[in-house]
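Please open the model in your viewer and keep the sequence panel at hand. The tour below proceeds by selection, one stop after another.

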Amino acid sequence: MNKRYWWILAVYLIIQITSSLGVFCVMVMKQFRPVSDQQANVIVSNWSIGIFIIGAFIVLLLLRNAPSTTYIDRQPKMAWTKSIWFIIGGVFVAFITQAITSTITAIINGGLEQSENTANLMGVLFENPLFIVLIVFVAPFLEEIIFRKVIFGALTNKMPVASAALVSAVIFAVIHFDFSYLLVYTGMGLVFAYFYYKTKRIYVSYAIHMLMNAVVALAGSLQN
């Protein structure tokens, strides 16, 4: 894996740590002035939005002129006109995969509650509509770069593509810290990896991921 990709992983780690510091900052703020829980949530979410946007721009800069060192990077990219159809089909495949893995999870667990991760995000979105920028645009972009382009791409240099896709998908699932939905997130990771590998365009898997998050966010907003 080239040095640029290592730097991207480091930036992503810093984003996660720095974003979490928002909670600490609000706790300190409460010592000096009264802040309601809703105000605190808005402050923390705005902090996260800012940190993730800055991180995304840094990642974009690191990607510029980055050498093609992974197996996927070195392959010819699918034509954009054809890739668009893969984006449309990918969204349907993603939701079908989610439905199947959710059903299996429900059978295993004897029922299925809403994903804790999704519930938390929808709660923040309800209090701060600006959070939609993070859910729909920024987070999917960073996740596709990290888990598909960098991790999945690097693993294809070391192991068969199917094995690399599975390993990267499991890592993607674990990082969400919603272990009751581990199978669902793994399924999503496999879908995104497949469409990235098939088209060799990271923005295809990003578009699928982004559209899926947009539908989920819209559905969650309508329920509230």
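Begin by selecting isoleucine 208 in this predicted model. Apart from neighbours within four places in sequence, isoleucine 208 is in contact with Phe86, Ile87, Gly90, Val91, Ala94, Phe192 and Phe195.

Next, widen the selection to the largest nonpolar core, which has 56 residues. Ile208 is one of the members that touch the most other members, together with Ile8, Val59, Leu142 and Ile145. At least two residues of this core come from each of α1 (3-29), α2 (37-63), α3 (80-109), α4 (116-127), α5 (132-155), α6, α7 (182-199) and α8 (202-223). Which helix gives the most to this core? That helix is α5, with 14 residues.

Remain on α5 and select isoleucine 151, which lies in this helix. Is isoleucine 151 buried or exposed? Its relative accessibility is 17%, so isoleucine 151 counts as buried, the cut-off being under 20%. Leaving out residues up to four places away in sequence, isoleucine 151 touches Leu9, Ile146, Ser168 and Ile171. A distance label between the C-alpha atoms of isoleucine 151 and leucine 9 should read 9.0 Å, although the two residues are 142 residues apart along the chain.

Ser168 leads to the next stop, helix α6 (residues 161-174). The 14 residues of α6 reach 20 Å from first C-alpha to last, close to the 20 Å expected at 1.5 Å a residue. Colour Ala164, Ala165, Ser168, Ala169, Phe172 and Ala173, which are buried in α6. Viewed down the axis of α6, the buried residues fall within an arc of 165° and therefore line one face of the helix. In general, an α-helix has 3.6 residues a turn, so residues three or four places apart point the same way.

Now select α4. Its twelve residues should span 16 Å at 1.5 Å a residue, and its end C-alpha atoms are 17 Å apart, which agrees. Thr118, Met122 and Leu125 are the buried residues of α4. Down the axis of α4, these residues fall within an arc of 60°, so they line one face of the helix.

Finally, display the largest pocket, which holds about 1500 Å³ of space. Of its 45 lining residues, Asn117, Thr118, Leu121, His176 and Tyr185 are the closest to its centre. Two or more lining residues come from each of α1, α2, α3, α4, α5, α7 and α8. The largest share of the lining, eight residues, belongs to α8.

Terms used:
Residues numbered from 1 in each chain as written. Predicted model: local features only at pLDDT ≥ 70, side-chain atom pairs only at ≥ 80, totals over all residues. Heavy atoms only, no water. Helix = DSSP H or I, 4+ residues; strand = E, 2+ residues; numbered from the N terminus. Expected span 1.5 Å × (residues − 1). Buried < 20%, exposed > 50% of the residue type's maximum accessible area, 1.4 Å probe, protein only. Arc of directions from axis to C-beta. Core = buried A, V, L, I, M, F, W, Y, C linked by side-chain atoms within 4.5 Å. Contact = heavy atoms within 4.5 Å. 1 Å grid on protein atoms, 1.4 Å probe; cavity = no way out; pocket = protein on both sides within 12 Å on 5 of 7 lines; lining within 4 Å. Points joined across faces, edges and corners; volume = space filled by probe spheres on them.
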